[in-house]
Amino acid sequence: MRRLVLALSLLPLTAEAEFFTLKGHGGPIMGIATAPDGRIATASFDNSVGLWSEGQPVWLDGHEAAVNSVAFNGTAIYSAGDDFTLRRWPGGEIVGQHKGKIVGLAASKTHVATASWDGTIGIWPVNGTDKKILGPTGSGVNAVAFSADGKTLYSAGMDGSLRVWDVDTGQETLRLIEHGFGINELILNEQDGWIAYGAVDGVTRIYNLTTGEERDFTLERRPILALTLSPNRRLLAVGDGEGYIMVIDTNEWRIVHDFRATLRGPVWALAFSTDGQNIHAGGIDEAMYSWPVSSLGDHEQMAGVEPVFLKNPEKMDNGERQFARKCSICHSLTPDSQRRAGPTLHGVFGRKAGTLEGYLYSETLQDSDIIWNDETINALFDQGPDHYIPGSKMPMQRIAEPQDRTDLIAFLRRATVPKD
């Protein structure tokens, strides 16, 4: 675990009624969690979890791919992501594993549940070894939520089903909803007797657990990517793929705020502050943004600086365009790797694969004898990383056209050469 103090554009975290940002990640923010003591945890595409307290981040490094979800559970922090693992911090040991990426977490007093795209749900004990795998469900699982007593689990999946499970037996006991499109998110409010869900088709609905009646707050923006409930259960916030945050008053059942939170791109993560005064949000920007609930829409929007991968392709030559599309979200071109999911490409030509100091490589690359040059970079994108370097952390992708690969290599030659 490495500690790094960064200059933050915020007031101290105790002043949560102010607008602030948390900057330091090297990739989009995929998940946010808050602790009773005010700490904030952020899960990022840069393979790390940031733990923020009193203006100082502690970086929790260990995942070998993007981190999608994070949760506090007592004194521990749990995180999960595209490397198929559930990890517990401090320490970062693997306490659960799937056969596909993990995109959702839920914690009870005794267990942590994982939602995986392998079609199953993991139930992992906080103490002990009585793990369970629920399913398969027949499709990827996107979200999970425990009942207050931890004996019942709710899950939402790509098949549009909202299922209820008995945690002790591992059996599905009820199919609450069969939606026509995949359900991405759910929020259980057991005390008030309802469950909220958001779907791929933009639907936002609240299902009454007693009567089965539904309230619909769909605003024709799709997909729904994030849901969060305020600590007093009075406000339900909804984030979507078009960059808006909608806030619903759950006492009067009306929309009280609806604002464009991003200049471009989606809202992937939402969480209320511990005292309920702020809404924290994450998206394609490399920072978490937090707005006071009392003045939503009156402050800076997310993604104020355009990421390289969203630059206008007409303003780039073909080589730079290939880099922007295939490489820039994971790799920087500067001497500082900027906490990206992959190592910096600065000085990459002539470098032995898996040897850049300070980056956590897969064993496959550490043991590789590859030297990066025109020939090996061409082969990497011709065959795809999954074939050229099986077992590496690089995502599966190819550049099929030989001229596109030639142009990319020429751009990298220009852009990565160390300056004297």
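These are my notebook entries on one chain, taken from a predicted model.

**Overall build**

I started with the whole chain. I wanted to know how its radius of gyration stands against the globule rule. With 420 residues, a compact globule would come out near 22 Å, and the chain has 22 Å, so the two agree. I then looked up the extents: the C-alpha trace spans about 65 × 50 × 40 Å along its principal axes.

Next came the secondary structure tally. I got five helices and 29 strands for the chain.

I checked burial too. Of the 420 residues, 55% count as buried. For the surface, I noted about 18,400 Å² exposed by the chain, with carbon and sulfur atoms supplying 48% of that.

Then contacts. I took those between residues at least 6 apart in sequence, and 41% of them join residues at least 24 apart.

**Sheet with β2**

Which strands sit in the open sheet that contains β2, and in what order? I read the order as β2-β29-β28-β27, four strands with antiparallel pairing. The edges are β2 (20-23) and β27 (267-272), each of which pairs on one side only. From one strand to the next, I have the twist averaging 20°.

I zoomed in on the β2 edge. β2 is joined to β29 (residues 287-292) by four bridges, and the two run antiparallel. For one pair by name, I looked up L22: its bridge partner in β29 is M288.

**Sheet with β15**

I went on to another open sheet, also of four strands, in the order β15-β16-β17-β18. Its pairing is antiparallel. Here the edge strands are β15 (141-146) and β18 (171-178), and each of them pairs on one side only. The twist from one strand to the next averages 25° in this sheet.

At the β15 edge I counted bridges again. β15 and β16 (residues 152-157) pair in the antiparallel sense over five bridges. I picked out A143 and found it opposite A156 in β16.

**Helix α1**

Is helix α1 (residues 318-326) largely enclosed or open to solvent? Seven of its nine residues are buried, so I put α1 down as largely enclosed by the rest of the structure. I wrote down the buried ones: N318, G319, E320, R321, Q322, F323 and A324. The list has E320 and R321 in it as well as F323 and A324. I also asked what lies over them, and the cover for the buried residues of α1 includes α5 (402-416).

**Cysteines**

I looked for disulfides and found zero in the structure. Why does C327 have no bond to another cysteine? Its closest cysteine sulfur is the one in C330, 8.5 Å away, which is too far for a bond. My cut-off for a disulfide is a sulfur pair within 2.5 Å, so 8.5 Å rules this pair out. I tried it from the other end as well: for C330, the closest cysteine sulfur is in C327, again at 8.5 Å and too far.

I finished with how covered these two cysteines are. Buried means under 20% relative accessible area, so C327, at 4%, counts as buried. C330 has a relative accessible area of 12%, so I put it down as buried too.

Methods
Residues are numbered from 1 along each chain as its sequence is written. This is a predicted model: local features need pLDDT of at least 70, side-chain atom pairs count only at pLDDT 80 or more; totals for chains, interfaces and linings use all residues. Side-chain values use heavy atoms; hydrogens and water are left out. Two strands pair if DSSP finds at least two bridges between them. Axes are lines fitted to C-alpha atoms, for helices over the stretch in contact, and angles run from 0 to 180 degrees between N-to-C directions. The radius of gyration is taken over C-alpha atoms; the globule rule is 2.2 Å times the number of residues to the power 0.38. Buried means under 20% relative accessible area, exposed over 50%, partly exposed in between (1.4 Å probe, protein chains only). Contact means heavy atoms within 4.5 Å. Accessible areas come from the Shrake-Rupley method with a 1.4 Å probe; for residues, only the protein chains shown count as cover.
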